[in-house]
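Have a look at the fold below before reading on. We'll take a walk through its sheets, helices, cores and a few odd backbone spots.

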Amino acid sequence: MAVIDQYFQHLVTSGGSDLHLSEGQPPKMRAHGAIAPIADGVLEHATIDYMLREICEPNAYERYLQKGDLDFAYEMDKQSRFRCNYFKQNNGLGAVFRLIPTKIKTIDDLGVPKTIENFGDMRSGLVLVTGPTGSGKSTTLAALIDYINRTYARHIITVEEPIEFVHNNKKSTISQREVPIHCPSFADGLRASLREDADIVLVGEMRDLETISLALTAAETGLLVFGTLHTNNARKTVDRLVDVFPSDQQSQVRTMLAGSLRGVVAQLLLRRCDTEGRTAVNEILVSTPAVSSVIREGSTQKLYDIITGGKEYGMQFMDDAIWQKMLAGQVSAVEAYMKAIDKSRFRAALPPEYAELGNSGGSATKD
């Protein structure tokens with residue numbers, strides 16, 4: 001057993017989601033959204049170097065020491081798998097480990113809108129799952145891929161950094177590729193998938209112009225492409241996809257996106273007040289002729305009206321989803337206010353002792 005496994009075991013038994021190890025700091029754990037130390041004393045260089053080196057391939061560890069960053073997956077046992085990110089920080093070495101559930105939850109298990117499954121029924125186009133780091137994008141995408149795997153006979157290729165959820169073949173055939181072990185980059189993996197008789201491609205992160213351009217091309221040529229972006233709502237997602245291109249190409253890109261975008265699922269996690277843990281809230285954009293038109297025109301500010309008026313298509317605005325969670329007593333008014341886009345809508349619901357929070361526009365915080 002590796003020395004670091006003692007911390008992983010504590011994380012699993014305590015219901016934590018992330019383990020934080022940094023040279024010069026005590027070991028810490030995130031549980032239900034909050035980070036707290038789990039042991040006294042700080043981690044010395046020799047100790048953390050030994051723990052990080054012990055579970056990592058020697059060549060990969062040397063690459064980390066040279067470049068300062070490394071991503072990979074580590075399996076402690078059949079029930080416990082971790083996404084590992086090594087980094088360097090001002091006091092020396094550091095790492096964060098995210099617990100990856102080995103059992104893939106369904107859309108129903110996650111409590112997210114059933115509409116999301118409809119994206120798995122599509123045969124081509126681009127579907128984006130977006131949100132900040134740690135908002136559960138990978139978990140929602142894994143549930144969507146598992147739905148397809150259980151329902152259709154397709155060839156699904158995933159390009160991830162690292163591979164998180166491991167899918168076993170059911171009705172579909174799934175090929176999972178890891179960057180940089182199986183392919184040098186997301187763009188290379190996506191480009192190769194065009195020659196690998198794929199029906200569906202999942203791109204772990206669409207972070208640069210080349211990957212986004214290839215994803216649009218693949219979606220136009222008949223593949224169903226799933227990707228992720230670090231954006232908080234549908235409008236920002238569309239703007240981000242267009243803005244990454246040079247200005248002289250943006251008109252053409254808007255036309256391509258108008259034709260190939262099938263939907264956007266934006267996701268946030270809110271801390272629950274009725275029980276331990278967090279709950280997902282989603283904004284959902286489903287492509288319609290009206291959506292295609294405003295994308296083509298570059299009038300993305302009109303997407304708000306389309307989403308709020310598109311309930312019959314399964315659309316949902318983020319603030320409406322947050323409002324419903326608050327009314328149901330699952331999240332506090334303060335948590336809802338902090339995560340809302342239009343904070344003025346939630347200001348009146350704040351308790352009197354948080355009046356300063358509402359007046360400051362969200363800059364003050366209170367635990």
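What follows is a tour of this model, which is predicted.

Let's begin with the six-stranded sheet. It is open, its strands come in the order 3-2-1-6-5-4, and the pairing is antiparallel. Which strands stand at the edges? Those are strand 3 (34–37) and strand 4 (69–77); each has a single partner strand, so one side of each is left without a neighbour in the sheet. On average, neighbouring strands here are turned by 20° against each other, if you ignore direction.

Zoom in on the strand 3 end of that order. Strand 2 (residues 28–31) and strand 3 run antiparallel and are joined by four bridges. If you want a pair to click on, R30 stands opposite I35 in strand 3. The loop between these two strands holds H32, and that residue has a backbone quirk: its phi is positive, about 55°, although it isn't a glycine. For background, most residues other than glycine have a negative phi. Is H32 buried, exposed or partly exposed? Its relative accessible area is 28%, so H32 counts as partly exposed, the class between under 20% and over 50%.

This sheet also has a helix lying across it. Helix 1 (residues 5–14) lies across strand 1 (18–22), strand 2, strand 4, strand 5 (80–89) and strand 6 (92–100). Relative to strand 4, helix 1 runs at about 70°.

Now for the other sheet. Seven strands make up this open one, in the order 9-8-10-11-7-12-13, and the pairing is mixed. Its edge strands are strand 9 and strand 13 (278–286), each of which pairs on one side only. Neighbouring strands in this sheet are turned by 15° against each other on average, again with direction ignored.

For a parallel stretch in this mixed sheet, try strand 7 (residues 125–130) and strand 11 (residues 224–229), which are joined by six bridges. Within that pairing, L128 has G227 in strand 11 as its bridge partner. Helix 9 (residues 234–243) packs on the sheet and touches strand 7, strand 11, strand 12 (261–271) and strand 13. The direction of helix 9 makes about 120° with that of strand 7. Elsewhere, helix 7 lies across strand 8, strand 9 and strand 10, running at about 165° to strand 8.

Helix 7 (residues 186–193) is worth following further, as it packs with helix 8 (residues 209–220) at an angle of about 20°, with the axes 9 Å apart. How are helix 7 and helix 8 oriented to each other? Angles under 35 degrees count as roughly parallel, and therefore these two helices do too. Their crossing is left-handed. At the contact, F186, A187, L190 and R191 in helix 7 meet E210, T211, L214, A215 and A218 in helix 8.

Helix 8 has another packing partner in helix 10 (residues 250–260), at an angle of about 45° and with the axes 9 Å apart. These two are therefore oblique to each other, and helix 8 passes helix 10 in a left-handed crossing. Here L216, T217, A219 and E220 in helix 8 meet V253, M256, L257 and S260 in helix 10.

L257 takes us straight into the largest nonpolar core. That core has 65 residues, and L257 is one of those touching the most other members, along with L126, F226, L261 and L285. Leaving out residues up to four places away in sequence, L257 touches L126, L216, V238, L241, V242 and I295. Apart from this core lies another one, of 28 residues, including I4, L52, A60 and F72.

A few more backbone oddities before we stop. Most peptide bonds are trans, but the one from E161 to P162 is cis, with omega near -5°. P162 sits in the loop between strand 8 (155–160) and strand 9 (173–178). The bond from V179 to P180 is also cis, with omega near 5°, and P180 lies in the loop between strand 9 and helix 7. After helix 7, the loop leading to strand 10 (200–203) contains D197. D197 has a positive phi of about 50°, although it is not a glycine, and at 65% relative accessibility it counts as exposed.

Methods
Residues are numbered from 1 along each chain as its sequence is written. This is a predicted model: local features need pLDDT of at least 70, side-chain atom pairs count only at pLDDT 80 or more; totals for chains, interfaces and linings use all residues. Side-chain values use heavy atoms; hydrogens and water are left out. A nonpolar core is a set of buried Ala, Val, Leu, Ile, Met, Phe, Trp, Tyr and Cys residues joined through side-chain atoms within 4.5 Å. Buried means under 20% relative accessible area, exposed over 50%, partly exposed in between (1.4 Å probe, protein chains only). Contact means heavy atoms within 4.5 Å. Two strands pair if DSSP finds at least two bridges between them. Axes are lines fitted to C-alpha atoms, for helices over the stretch in contact, and angles run from 0 to 180 degrees between N-to-C directions. Angles under 35 degrees count as roughly parallel, over 145 as roughly antiparallel, 65 to 115 as roughly perpendicular and the rest as oblique. A crossing is left-handed if the near helix is turned anticlockwise from the far one by less than a right angle, and right-handed if clockwise.
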